[in-house]
Amino acid sequence: MAVSVQFPAIEKLDPARLGLSWQKFRGEFPEVKSQPPLVRQIERFGPPAPSKVDVEIEEIPPAPRLWFLSKDGTRLIQVQRDHFVYNWRKLDTGVAYPHYDEVRAQFLQKFETFVLFLGEEGLSAPQPDQVELTYVNHIPANDESGTRAPLERYVRLWAGLSDAGELPTPESVAFQSQFAFRRGTTPLGRLYIQVQSRIFRADTRPLYHLQLTARGAPLGEGLGGVLSFLDEAHVWIVRAFTSVTTEEMHSVWQRRQ
Amino acid sequence: MLAGWHPLLMDEIDIVERRVPLPLRNGRLVFTVVGPEPRWLYPALHSLQRVMHLPEGWDSYGGKIIDDDVVARAAEVLVTLPLPAEAPAPSVVPGSAGSLQLEWHEAGVDVEIHISAIGQVSVFLSESESGPEFEFETLDSDARVRLGEVLVGLHGGVGVSH
């Protein structure tokens, strides 16, 4: 699960200050890594606009994205000049999958710490322009014979090839669908559903990667607006998961809870 | 039927902002695109990238390399022109002094936008072989008005990339 906030790049949040922010989290997140920066994305709605192209010069090297990892690797904070992300990852640690409320509270606490740090450094507070909530599910997909079970067994969005004549079960499947979600007629954000065939790294068993991401602008000012969007996004992701997955998938999910 | 979705509204086209980077020697240019990419965009970026890699002496007469600043200025000029989305990409022509020229020669239209080695922009344009010619020492509002009148006629055809 990941909660992400995007904002216009903070002018003086250079690599040195990004590194300095680690001090605020180091006790709980003792490991740090560098990654390429995340790309900015804005969801827009309305009738198709004419093409519009702008250009800006960026310094080199582009400011990095830093990962602050918890000791067991399940929790992750990502910071860059225009993004703050809080992740929970299911690794082979036996740690139970947390509920949304718990991750929301943890995100809030970490983001407030980050904002306080910015203030202490004399930097401007982030002005979020996009919020994103992502759920990732790895669906074990080996059937009774140990080969990959067909996707339609788990995901209703995929009709399968029951009428495909002599074609066997596909070796791999990948697709993305997207939906605009609304309150009444007002668009709030976009929901992306991605499905991809993959294998577990540990034992190469087949799985289906099911990712649901809801992205849109905050629903109001400040942190309240961010949390309002997150709560709305959570509702739509739960609806989507329930709607696009099969009863068999629901049983598997409930057993895991 | 998925509960809560409205099938008719799914036909809207999403307009997601996309960022297209173009590396410079120091730093990079980032083009932000909203809506469908104009036809001229990627060929123009390809041409800019090619001239950026020209070495010193590229024309056998001591031709100077094209500075990042000149490329950036050319990019800035290009995206602010009133250029139809369906227009062909300009020819991107390097000059020995480290200058760049964006050129269109088609359908009776001749446009040459010159970016000097120190980033000054001048414009030459004419609308037909026998038509009036205009020359502007800077890319001022008069130049932009004339360019708007001329460039609107550029559509279809095949642009020439240097």
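## Hairpins, helices and two cores

A hairpin joins β5(A) to β6(A) through 2 residues. That turn is a handy way into this predicted model, since β5(A) and β6(A) both come back when we get to what helix α2 of chain A packs against. From there the tour goes through the nonpolar cores and on to chain B.

**The β4–β5–β6 stretch of chain A**

- β5(A) and β6(A) run antiparallel to each other, paired over 6 bridges.
- One pair to look for there is Q78(A) with its bridge partner V85(A) in β6(A).
- β5(A) also pairs with β4(A), residues 65–69, again in the antiparallel sense, this time over 4 bridges.
- In that pairing, F68(A) sits opposite I77(A) of β5(A).
- β4(A) and β5(A) make a hairpin too, with 5 residues between them, and G73(A) in the turn has a positive phi of about 80°.
- How much of β5(A) is buried? The strand is mostly covered, with 5 of its 6 residues buried.

**Helix α2 of chain A**

- α2(A) spans residues 100–120, which makes 21 residues. From first C-alpha to last it reaches 30 Å, close to the 30 Å expected at 1.5 Å a residue.
- Its buried residues are V103(A), F107(A), K110(A), F111(A) and F114(A), so there is a lysine in among the valine and the phenylalanines.
- Look down the axis of α2(A) and the buried residues fall within an arc of 100°, so they line one face of the helix.
- Turned away from that buried side is a face with the exposed residues D101(A), E102(A), A105(A), Q109(A), E112(A), L116(A), G119(A) and E120(A).
- What do the buried residues of α2(A) pack against? Their partners are β1 (2–6), α1 (15–21), β5 (75–80) and β6 (83–88), in chain A.
- Just past the helix, G122(A) takes a positive phi of about 75°.

**The nonpolar cores**

- The largest nonpolar core has 41 residues, and the members touching the most others are V3(A), L191(A), Y208(A), L230(A), A233(A), W236(A) and I237(A).
- Helix α3 of chain A, residues 222–244, gives the most to this core, with 7 residues.
- The core takes at least three residues from each of two domains of chain A: domain 1 (2–39 + 60–126) and domain 2 (131–256).
- V3(A) is a good place to zoom in: beyond its neighbours within four places in sequence, V3(A) is in contact with V85(A), Y86(A), V103(A), F107(A), L133(A) and L230(A). Two of the names there, V103(A) and F107(A), are also on the buried list of α2(A).
- Apart from that core lies another one, of 36 residues, including L29(B), V77(B), V121(B) and L139(B).
- As general background, nonpolar side chains tend to be buried together in soluble globular proteins.

**V136(A), a strand residue**

- V136(A) sits in strand β7 of chain A, residues 130–140.
- Is V136(A) partly exposed or buried? V136(A) counts as partly exposed because it has 16 C-beta neighbours inside 10 Å, short of the 20 needed for a buried residue.
- V136(A) and L210(A) are 74 residues apart in sequence, yet 5.8 Å apart in space, C-alpha to C-alpha.

**Chain B overall**

- Chain B has 3 helices and 7 strands, running β-β-α-α-β-β-β-β-β-α from the N terminus on.
- It has 162 residues, of which 25% count as buried.
- Take the contacts in chain B between residues at least 6 apart in sequence: 59% of them join residues at least 24 apart.

**Chain B close up**

- β1(B), residues 18–23, and β2(B), residues 28–34, pair in the antiparallel sense over 6 bridges, with P23(B) opposite R28(B).
- β1(B) and β2(B) form a hairpin with 4 residues between them, and G27(B) in the turn has a positive phi of about 95°.
- α2(B), residues 68–80, has 13 residues and reaches 18 Å from first C-alpha to last, close to the 18 Å expected at 1.5 Å a residue.
- Buried in α2(B) are V70(B), V71(B), A72(B), A74(B), A75(B), V77(B) and L78(B); V77(B) also belongs to the 36-residue core.
- The cover over these buried residues includes β3 (52–58) of chain A, along with β2, α1 (41–52), β4 (100–106), β5 (109–115) and β6 (121–126) of chain B.
- S60(B), in the loop between α1 and α2 of chain B, has a positive phi near 65° without being a glycine.
- S60(B) counts as exposed because it has 6 C-beta neighbours inside 10 Å.

Conventions
Residues are numbered from 1 along each chain as its sequence is written. Chains are lettered from A and ligands numbered from 1 in the order in which they are written. This is a predicted model: local features need pLDDT of at least 70, side-chain atom pairs count only at pLDDT 80 or more; totals for chains, interfaces and linings use all residues. The expected span of a helix is 1.5 Å times one less than its number of residues. A residue is buried if 20 or more other C-beta atoms lie within 10 Å of its own, exposed if 12 or fewer, and partly exposed in between; C-beta atoms are placed from the backbone. The arc is that of the directions from the helix axis to the C-beta atoms. Two residues are in contact if their C-beta atoms, placed from the backbone, lie within 7 Å. A nonpolar core is a set of buried Ala, Val, Leu, Ile, Met, Phe, Trp, Tyr and Cys residues joined through C-beta atoms within 7 Å. Domain bounds come from an automatic or database domain assignment. Two strands pair if DSSP finds at least two bridges between them.
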